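Please open the model in your viewer and keep the sequence panel beside it, since each stop on this tour begins with a selection.

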Amino acid sequence: MILFSVFSIFPSLFALVTGGKLPEPEVKIEVVHKPFMCYRKSKYGDMLLVHYEGFLESNGTMFHSSRKQGDKNPVWFTLGIREVLKGWDKGLQNMCTGERRKLTVPPSLAYGKEGKGKIPPNSALIFDIELMDIKNGPRSHESFREMDLNDDWKLSRNEVKEYIKKEFEKHGYFPNDTHHEVMVDDIFKNEDEDKDGFISAREFTYQHDEL
C-alpha cells in the first residue's frame with residue numbers, strides 16, 4: 001500500500017519494468033452503499049483515500065482492518081498503477097466519494113500462489129472498502145508546474161532527475177545518480193514522443209495506454 005510517486009507520475013516507467021498489462025477483469029463487485037449525490041467518480045490516475053477490511057473468502061477470517069489496526073488511518077494510493085492489489089485497481093473504478101463496495105478478488109488478482117502473511121496461498125479475498133476522498137493524480141497540471149522549475153512549460157532531463165532525487169529522499173532512499181540517470185533514460189524513451197529532448201505539458205498529461 002506504499003505510495004511511490006515516481007511510478008505515479010510516470011506510469012510508463014512502471015510498465016517498462018513490469019510488462020504493463022493488467023489481467024481481464026474478474027473481480028466481483030457489490031455496491032453496499034452509494035451516496036445520493038455523486039460529484040466525482042474514480043478513474044485510473046486518481047489518488048484515492050480509503051478505509052478497508054480484508055477477509056479470507058474460505059472462512060471469513062479478517063486479516064486486516066485499516067480502522068482497527070496500525071495507525072487506524074485511511075490509506076492513500078494511486079488507482080491503476082498497481083500500488084495496491086490488481087483486484088483493487090479493477091474493482092475501484094467509477095466509484096463515488098462516500099461509496100462502499102464489497103470486492104471478491106480471486107487469487108490471480110490478489111496474492112496468488114505465494115500468499116502473504118496471514119493469507120494462505122491461492123486464497124480468494126473479500127474486501128469491504130469505503131472511498132473517503134478522491135484527489136487529482138500526480139499527472140495533473142499542478143504536478144507538472146511543480147516539476148517545471150524554470151516555468152518554460154516543458155520538462156528537461158535535469159528537472160525530471162531532480163524530481164526523482166527528491167522523491168527518493170522523501171521515501172528514505174539514498175541518492176544514486178547512476179540509478180537516477182537510468183530511470184531518466186527510461187522515462188524519456190517512453191514519454192518524449194517527439195524526441196526533442198523535453199517532455200511537454202501535452203506529453204506529460206496524455207493518458208497512456210497502459211492505464
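In what follows, a nonpolar surface patch is built from residues with over 30% relative accessible area and no salt bridge, whose nonpolar side chains are joined within 5 Å. The model is predicted, and with that in mind you can begin on its surface.

Select Phe36, Met37 and Tyr39, which together make a nonpolar surface patch of about 490 Å². Keep tyrosine 39 highlighted: this residue lies in the loop that runs between strand E1 (28-33) and strand E2 (47-56). Is tyrosine 39 buried or exposed? Its relative accessibility is 74%, and tyrosine 39 therefore counts as exposed.

From that loop, step back to E1 and add strand E5 (residues 100-105) to the selection; the two strands run antiparallel and are joined by 5 bridges. Within this pair, isoleucine 29 stands opposite leucine 103 of E5. Next, add strand E6 (residues 125-135), which pairs with E5 in the antiparallel sense over 6 bridges. To find one of the facing pairs here, label arginine 101, whose bridge partner in E6 is isoleucine 129. While the strands are on display, it may help to recall that in a regular strand the side chains alternate between the two faces of the sheet.

Now turn to the interior and select Trp88, Leu92 and Phe127, the residues with the most contacts inside the largest nonpolar core, a set of 25 residues. The elements that give two or more residues to this core are E2, strand E4 (75-78), E5 and E6, and the largest share, 5 residues, comes from E6.

Centre the view on leucine 92 and display what surrounds it. Which residues is leucine 92 in contact with, once its neighbours within four places in sequence are left aside? They are Ser42, Leu48, Phe77, Leu79, Arg101, Leu103 and Ile129. Arg101 and Ile129 are the bridge partners labelled earlier, and Leu103 is the residue opposite isoleucine 29. A second core, separate from this one, has 14 residues, and you can locate it by selecting Ile164, Val184, Ile187 and Phe188, which are among them.

Finally, zoom out to the whole protein, which has 7 helices and 8 strands. Of its 211 residues, 45% are buried, while the protein exposes about 11300 Å², with carbon and sulfur atoms supplying 52% of that area. Among contacts between residues at least 6 apart in sequence, 68% join residues at least 24 apart.

Terms used
Residues are numbered from 1 along each chain as its sequence is written. This is a predicted model: local features need pLDDT of at least 70, side-chain atom pairs count only at pLDDT 80 or more; totals for chains, interfaces and linings use all residues. Side-chain values use heavy atoms; hydrogens and water are left out. Patches are made of residues with over 30% relative accessible area and no salt bridge: like charges are joined within 9 Å, nonpolar side chains (Val, Leu, Ile, Met, Phe, Trp, Tyr) within 5 Å. Accessible areas come from the Shrake-Rupley method with a 1.4 Å probe; for residues, only the protein chains shown count as cover. A salt bridge is a side-chain nitrogen of Lys or Arg within 4 Å of a carboxyl oxygen of Asp or Glu. Helices (H or I, at least four residues) and strands (E, at least two) are DSSP runs, numbered from the N terminus. Buried means under 20% relative accessible area, exposed over 50%, partly exposed in between (1.4 Å probe, protein chains only). Two strands pair if DSSP finds at least two bridges between them. A nonpolar core is a set of buried Ala, Val, Leu, Ile, Met, Phe, Trp, Tyr and Cys residues joined through side-chain atoms within 4.5 Å. Contact means heavy atoms within 4.5 Å.
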